[in-house]
Amino acid sequence: MAENIKVGIVMGSTSDWEVMKEAAQVCKDFGVAYEARALSAHRTPVELEKWIESAEARGCQAFIAGAGGAAHLAGVVAAQTILPTFGVPMPSKYMKGLDSLLATVQMPKGIPVPTLAIGEGGAANAALAVIAMLALHDPALKEKLVDFRAKQAEKVRNATLPELK
Ligand code: RP5
């Protein structure tokens, strides 16, 4: 268990990792300490509560929670902390993630869960949103984020489309 972390990444199941690893990768690329865990709001509620407490005690500044189906995980995390908690809806087998999206985004007033897009893009963007927040008080991180945006824009500018045959 890491001694100090800035971001807690949690997902309802190990089956979410393929998507949620995108959030972990962004944190890693920016040099932001994170811890990723598979803990479920309904299968392991006690362990989830303990992990939130422990993450906070180790300096965590924000949580990213990804879940699929009746995706209450992010809401349950947000209910137990005042740290910003971002939700990532997992693509699901039968409803393609629409169930996860609605369950995550439709939080009743009082406990916010800023919710990202379904899937990998949402997971990466959740980490970028957390980094933007952390960068408010971290000039070195801000520089990395500005650089990331510049490189991303440059890639688009330099892109060429295929010729028609
Ligand atoms: C949710 O149920 C998880 O977040 C996952 O997206 C979905 C399916 O979980 P598994 O049955 O694959 O463990 O709790």
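Which residues does Thr104 touch, not counting residues up to four places away in sequence? In this predicted model, the list comprises Ala71, Ala74, Gly87, Val88, Pro89, Val113 and Thr115. Thr104 sits in helix α4. Its relative accessible area is 4%, so Thr104 is buried.

The overall fold sets the scene for this site. The chain contains six helices and four strands. Their order along the sequence is β-α-β-α-β-α-β-α-α-α. The chain has 165 residues, and a compact globule with that many would have a radius of gyration near 15 Å. The value for the chain is 17 Å, which agrees. The C-alpha trace spans about 55 × 40 × 30 Å along its principal axes. Of the 165 residues, 41% count as buried. Contacts between residues at least 6 apart in sequence were also examined, and 66% of them join residues at least 24 apart.

The surface and the charges were computed for the chain as well. Its accessible surface comes to about 9,800 Å². Carbon and sulfur atoms account for 58% of that area. The chain carries 17 positive and 17 negative charges. The mean positions of the two sets are 3 Å apart.

The loop between β4 and α4 was examined next. Strand β4 covers residues 85-89, helix α4 covers residues 98-105, and Ser92 lies in the loop between them. Ser92 has a relative accessibility of 17%; buried means under 20%, so Ser92 falls in that class. The side chain of Ser92 makes a polar contact of 2.7 Å with the side chain of Asp99. Beyond residues up to four places away in sequence, Ser92 touches Gly69, Gly97, Asp99 and Ser100. Asp99 thus appears both in the polar contact and among the residues touched by Ser92.

Lys96 belongs to the loop between β4 and α4 too. Is Lys96 buried or exposed? Its relative accessible area is 62%, so Lys96 is exposed. Its backbone also deserves a note. Most residues other than glycine have a negative phi. Lys96 is not a glycine, yet its phi is positive, at about 55 degrees.

On the other side of α4, Ala117 is found in the loop between α4 and α5, the latter covering residues 120-135. Ala117 is partly exposed, because its relative accessibility is 44%. Residues up to four places away in sequence aside, Ala117 touches Val88, Pro89 and Gly122. Val88 and Pro89 are also among the residues touched by Thr104. Ala117 and Gly97 are 20 residues apart in sequence. Their C-alpha atoms are 9.7 Å apart in space. Gly97 is in turn one of the residues touched by Ser92.

A further site lies in helix α2, which covers residues 45-57 and includes Glu56. With 36% relative accessibility, Glu56 counts as partly exposed. Which residues does Glu56 contact, leaving aside neighbours within four places in sequence? They are Phe63, Gln80, Thr81, Ile82 and Leu83. Glu56 and Asn4 are 52 residues apart in sequence. In space, the C-alpha to C-alpha distance between Glu56 and Asn4 is 9.5 Å.

Definitions and conventions: Residues numbered from 1 in each chain as written. Predicted model: local features only at pLDDT ≥ 70, side-chain atom pairs only at ≥ 80, totals over all residues. Heavy atoms only, no water. Helix = DSSP H or I, 4+ residues; strand = E, 2+ residues; numbered from the N terminus. Rg over C-alpha atoms; globule rule 2.2 N^0.38 Å. Buried < 20%, exposed > 50% of the residue type's maximum accessible area, 1.4 Å probe, protein only. Contact = heavy atoms within 4.5 Å. Areas by Shrake-Rupley, 256 points an atom, 1.4 Å probe, with all protein chains shown as cover. Lys, Arg positive; Asp, Glu negative; His and termini not counted. Charge placed at Lys NZ, Arg CZ, Asp CG, Glu CD. Polar contact = N/O pair within 3.5 Å; in protein donor to acceptor, adjacent residues only side chain to side chain.
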